[in-house]
Amino acid sequence: MITGLDHVVALVRDIGAAKAAYQTLLGRAPAWQNSGEGADRVLFTLANMTIELIAPSGFSVAADRMRALLDDHEGVLASLCFRVADIGKTLRRLDRVALRPEPVAEVESSDAATGAALHWKRTRAATELTRGVRMFFLELAEERPKSVATDVAPIDGLDHVVITTEDSDRAAALYGARLGLDLALDRSHHDWGQLMFFRCGDLIVEVVRRPVAGGDALHDRLWGLSWRVADIEATRARLIAAGVEVSEVRNGRKPGTRIMTVRSGTCGIQTVLLERSPKPVE
């Protein structure tokens, strides 16, 4: 049913500041910008997905809802939008697995800079049945333009999106059995809890269980993003030169990976950069 992660939606308070911050972080220019229906939008499209920044604009029911979701945060991850090959089949599947999808809607968007148009069909699962994570499913009529590199050592794509849960069994049932994503890893450790990796195209939906006092067993949370880079030292140097606060590079939990944390310039969204070692030639 799902062929990949089409895009992640991040709600932000200030679209201009967020656009500048993510152009610096990604080392790439926006690929699409538009306004309407109570929101301003900026999209950065990388090799394997898009991040859509949305800020409330004006005074409307939609804008007020976004402001309520933001609360006092500079930015929050708001939605996962999966790509599918056949929206009609997806609708029937979502209905069969009791995720109560909305009727399919046809959507058009025009880029403010070029006037180019994109078209897609989408449906949405009932959020109360997806453990509080908003999920859309899209069939695109045409590919989005890619974000061109504007600096050295840009970010290449998304490596994984992180979701936290207090109920790993029910989360596994949702992402594996009901959505049909392939469970590639299920590992527990006394220091960092339980990790489950679900393949989604060429990236990973990572579900993490870290029990905390007073946690919500009924609702999961979109927690953060891990971006893929070719040369983590070069990207780190670029970000430091741009005034972005980052950690030292360290070895990742998965063998053959190195990671660093980005501590500013992400609109408050938890962000990690990851470099994978080249596979040895056989």
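Helices (H or I, at least four residues) and strands (E, at least two) are taken here as DSSP runs, numbered from the N terminus. The model is a predicted one, so local features need pLDDT of at least 70 and side-chain atom pairs count only at pLDDT 80 or more, while totals for chains, interfaces and linings use all residues. Residues are numbered from 1 along each chain as its sequence is written, and side-chain values use heavy atoms, with hydrogens and water left out.

A good place to start is helix H2 (residues 61-70), where Ala63, Met66 and Leu70 are buried (under 20% relative accessible area; exposed means over 50%, partly exposed in between, with a 1.4 Å probe and protein chains only). These three residues cover an arc of only 60° around the axis, which puts them on the same side of H2; the arc is that of the directions from the helix axis to the C-beta atoms. An α-helix has 3.6 residues a turn, so residues three or four places apart point the same way. The buried residues of H2 pack against strands E1 (2-12), E3 (39-45), E4 (50-56) and E5 (75-84), contact meaning heavy atoms within 4.5 Å. Exposed Val61 and Ala68 sit on the face of H2 turned away from its buried side. Just after H2, Asp71 adopts a positive phi of about 55°.

Turning to the sheet, eight strands form an open, mixed arrangement in the order E10-E11-E12-E9-E13-E16-E15-E14, where two strands pair if DSSP finds at least two bridges between them. Strands E10 (182-189) and E14 (250-251) stand at the edges with a single partner strand each, so one side of each is left without a neighbour in the sheet.
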